[in-house]
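Please open the model in your viewer and keep the selection panel at hand. The tour goes from core to sheet, one selection at a time.

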Amino acid sequence: MADVRHLRAAGVSLVLDFTGGTLPRIRHWGADLGALSESELDAVVLARSPHPIGFSVDGAVDVAVLPEQSAGWLGTPGIVGNRAGRDFSTAFRVLSVDGPVVRATDEAAGLELELTVELLPSGLLRQRAALTNTGTGPFSVDAVNLTLPVPTEAVELLDFTGRWGRERSPQRTAFTQGLRVRENRTGRTGYDSAYLLAAGTAGFGNRSGEVWAVHTAWSGNHRTFAERTYHSVSLLGSGELLLSGEVVLAPGEAYTSPWQYASWGVGLDEVSARFHRHLRSRPSHPSSPRPVVVNTWEAVYFDHDLDRLTALADAAASVGAERFVLDDGWFGSRRDDKRGLGDWYVSDEVWPDGLTPLTDHVTGLGMQFGIWVEPEMVNPDSDLARAHPDWLMAAGDRLPGPARSQQVLDLARPEAYAYVLERLDDLLSTYPVSYLKWDHNRDLVDAGHRPTGRAGVHGQTLAVYRLLDELRARHPGVEIESCSSGGARVDLEVLERTDRVWVSDCIDALERQSVQRWTNALIPLELMGTHVGAGTSHTTRRSHPLDFRAGTALFGHFGIEWDLTAASPSDLDRLREWVALYKSLRGLLHTGVAVHGDHPDPAVDVHGVVAEDGSDAVFAVVSVATSAYYPPGPVRLPGLAPDLRYHVRPLAPGDVPAGNADDWGVRLPWWTPSGVTLPGRVLGSAGVQTPVQHPERLVLLRATAV
Ligand code: DGJ
């Protein structure tokens, strides 16, 4: 009889086959198979067992979640490592299966493995591996890769790339034979990380097609891949990307891989919803209403002046802001981005009376106070670097080339770690800080621990996690934002210890339509920092009206990053209306299901949020370019409950159509506060005609069940 387990959750089935005592093989991961009897499960295993081919080894090549060459698999191995050249290939035997934990040993190789494979209540699958050296002598680990099989029907791949100011750009390719590997060696999650690697049926979209997707939850170097062989094995896989010699296990030592998360669904929206539900189920998930943020960066940059900042705080409070975040420039000699990083002492030069005059003013206005730090970095022109030149990461004696005039502080070094912890702890203890914007502004190049010069990205990544954990334990009320020159550190492991991410340094609303949409593919809106910038974007020099900027920032954790002291009274009034709308909608936006349409016109984008019970929804219809059509066809409103009837109407202040028709006084008949009332089924299939808009404009719709 087969030794097989069938796990089911939220419409997903996972069938794990342990027959024969080798590492578990997945016989099915995808749509729920329904309740299956033992004999039916045996039959599934029999019917799904691979065809013997006999070219690598006689019999079938059966690929486990941690693939092994000893099973005849000649694709990417689960473990790459050796003990002085030996034990390069493993043959694990399972010792025990205790819930999600599988313990296995390869006595000849002197290795023990603890695999955790679990199907979470959201239907997300996650797994990781811990490898222990039980032999004599050191064992070098070069890679530990975990994989998941996807069916032959998955013929297209979607993953992401990016750069500063343009994170998470989608790219699609055919899923052909061979290995598509997305490597990240930047020492942080990366602008251009794969983020989510999805395989799907032909033409899969937001609402259609079967999709299987993996995410590597790691903030250091990592590798995410899709592999397809001539014998019809198709895998998604991932692991940490270890630098040469980075992990060498002494006898008794263990290495633990990052978590690999995976989601199956019909359409990308269902894949994303599983990630969102999982994140929302964490005890640490922010539960208070996400406050309206004002961030000082694009408002004042390094011009820290009490009068200027208190005036900004006054303007912020007057439009309804709830959190004021003092960005870079408050410490040491940091009057520009060339000096002072690492000297985490309030600057006497710009803050002769400390930060208290500002924090008093901000908290007196009823706002929370937040502050920027970049704890992993140091400018060579700083007291810290002058006092401790050996705390900088380097390959031997050669310092890496500077980036943004900075170097990386080796946090795996206990004295450096203790210094940063003490400084941050002091900052949080001295001032009423309820929010840290934690930045990280360069790639890790030649990042070795001194004096040995040994590769150190793995150790640095773990040290940063430790530091975040320790600070959170000491200051449980403080929220932390993960920022990395914009959105270069967005992953599920950093989000285990942070409360939101800064999506991108580009707050041009048009660019943000794409960056936010795809960031939302993995994480829910309440974890995404989305700000209203100045009328002309500082990063692209494009100009947009306030309604487009604010209607874009609405879909996230709303904030403002604009010198409000220079804004016109009418802009401030309008912004106040948008802030009020955000406050009235955040309950829905931050608990509901994110939905995205598949409008055939590339100039039209439809996205929104539908309450989990279908009772309420908000949609944006965005004109992202000029259309070949006039008007573009009706838009389908995705995700509504088919059998509920909805009152659909334009939602102020996002109700102003800005297009030629409107300029000419030609009105769309139903575009009135009374709107239309129709079943969700009709709205989702026939859709509604929305106003013709100029490019880079949007309108909002509200749909409430009646
Ligand atoms: C990069 C961040 O992404 C910006 O928001 C800002 O905080 C600057 N660093 C400050 O140096």
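Begin by selecting F324, W330, I523 and I560, which touch the most other members of the largest nonpolar core, a set of 122 residues. Such a core consists of buried Ala, Val, Leu, Ile, Met, Phe, Trp, Tyr and Cys residues joined through side-chain atoms within 4.5 Å, where buried means under 20% relative accessible area with a 1.4 Å probe, protein chains only. Add helix α11, residues 569–589, which gives the most to this core with nine residues; helices here are DSSP runs of H or I with at least four residues, and strands are E runs of at least two, both numbered from the N terminus.

This is a predicted model, in which local features need pLDDT of at least 70 and side-chain atom pairs count only at pLDDT 80 or more, while totals for chains, interfaces and linings use all residues. Residues are numbered from 1 along each chain as its sequence is written, and side-chain values use heavy atoms, with hydrogens and water left out.

Next, centre on F324 and display its contacts (heavy atoms within 4.5 Å), which include V294, L309, L358 and F369, not counting residues up to four places away in sequence. Apart from the largest core lies another, of 45 residues, with F18, A64, A109 and L119 among them.

Now select the open sheet of six strands, ordered β33-β34-β35-β38-β36-β37 with antiparallel pairing, where two strands pair if DSSP finds at least two bridges between them. Its edge strands, β33 (593–596) and β37 (676–679), each pair on one side only. Within the sheet, seven bridges join β34 (residues 604–610) to β35 (residues 616–623), and D605 has V622 in β35 as its bridge partner.

Note on methods
Buried < 20%, exposed > 50% of the residue type's maximum accessible area, 1.4 Å probe, protein only.
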